[in-house]
Amino acid sequence: MTIINFQTATFLSSAPSLSKCPPDEGIEVAFAGRSNAGKSTALNTLTKNKKLAKTSKTPGRTQLINFFSLTENQRLVDLPGYGYAKVPLEIKKKWDINLSNYLRYRQSLKGLILMMDCRHPLTRYDQQMLDWSSQTDINIHILLTKADKERNNALNATLNHVNQFVMKTQKPLRTVTAQLFSSKTKLGLTQLEEQINFWFQESSQF
Ligand code: GDP
């Protein structure tokens, strides 16, 4: 089994909508989450590259789908943060369409890492994401982020609660899993790497 070196991730391109995305070939793992959930920090932690997600936060790129290549056939994708209160409704609606189109129709998308602040998981936006992706066979792995901010008892209770919730959304061809994560302490980093490696590996066998 080839272990992916996430440090090799380099910015490839940005797209405002599904039709402007790079050719739909190879395998993608996308990162999504409510604005401020810790998505950029998690991407930087995974790739050990502090500048990586800065690329996605560059003004003008925050509402775009940002692609990073790992190898010729493997990409990480940073989806814009959702649920940001200050965005005008019209833009929100447009973005909802772009996001749901990407989730529904992108053939190379094999896994979605869905980030939720461990102190406020399963917001209605998160549930909407789960709902959109339940119409596809994309596997989802939830990161309960900023785990360094909570005590163990509370963390375990949250993880149980999220696991119970997602059990209801399981389907034969897709799985939804969850773990605790902290960019600060690196809690759960190995588990995250293994999950993404597994998706890339599993998909390249077909
Ligand atoms: P994004 O909007 O989802 O990309 O969120 P960011 O990655 O920019 O993080 C939002 C805020 O949460 C920033 O102030 C980060 O420093 C902080 N943050 C992110 N990850 C962690 C973490 O694991 N632990 C703690 N304590 N703070 C974090």
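This passage looks at one helix, the cysteines and two pockets of a predicted model.

A good place to begin is helix H6, which runs over residues 189-204. At 1.5 Å a residue, its 16 residues should span 22 Å, and the end C-alpha atoms are 23 Å apart, so the expected and computed values agree. The buried residues of H6 include Leu192, Gln195, Ile196, Trp199, Phe200 and Ser203. A general point helps in reading such a list: an α-helix has 3.6 residues a turn, so residues three or four places apart point the same way.

The cysteines come next. The structure holds zero disulfides. Cys21 has a relative accessibility of 11% and therefore counts as buried, the cut-off being under 20%. Cys118, at 2%, counts as buried as well.

Turning to the pockets, the largest has a volume of about 560 Å³. Its lining is made up of 29 residues, and Ser35, Asn36, Lys39, Ser40 and Lys57 lie nearest the centre. Helices H1 (39-47) and H2 (52-57) each supply at least two lining residues, with H1 giving the largest share, three residues. By class, this lining has 14 polar, nine charged and six nonpolar residues.

The second largest pocket has a volume of about 380 Å³. It is lined by 18 residues, with Gln107, Leu109, Lys110, Asp137 and Ile138 closest to its centre. Helix H3 (89-105), strand S5 (109-117) and the already familiar H6 each give two or more residues to this lining. Here the classes divide into seven nonpolar, six charged and five polar residues.

Technical notes:
Residues are numbered from 1 along each chain as its sequence is written. This is a predicted model: local features need pLDDT of at least 70, side-chain atom pairs count only at pLDDT 80 or more; totals for chains, interfaces and linings use all residues. Side-chain values use heavy atoms; hydrogens and water are left out. Helices (H or I, at least four residues) and strands (E, at least two) are DSSP runs, numbered from the N terminus. The expected span of a helix is 1.5 Å times one less than its number of residues. Buried means under 20% relative accessible area, exposed over 50%, partly exposed in between (1.4 Å probe, protein chains only). A disulfide is a pair of cysteine sulfur atoms within 2.5 Å. On a 1 Å grid over the protein atoms alone, a cavity is a set of points where a 1.4 Å probe fits but cannot get out, and a pocket is an open set with protein on both sides within 12 Å along at least five of seven lines; lining residues have an atom within 4 Å of a point. Grid points are joined across faces, edges and corners, and a volume is the space filled by probe spheres set on the points. Ala, Val, Leu, Ile, Met, Phe, Trp, Tyr, Cys and Pro count as nonpolar, Asp, Glu, Lys and Arg as charged, and the others, Gly among them, as polar.
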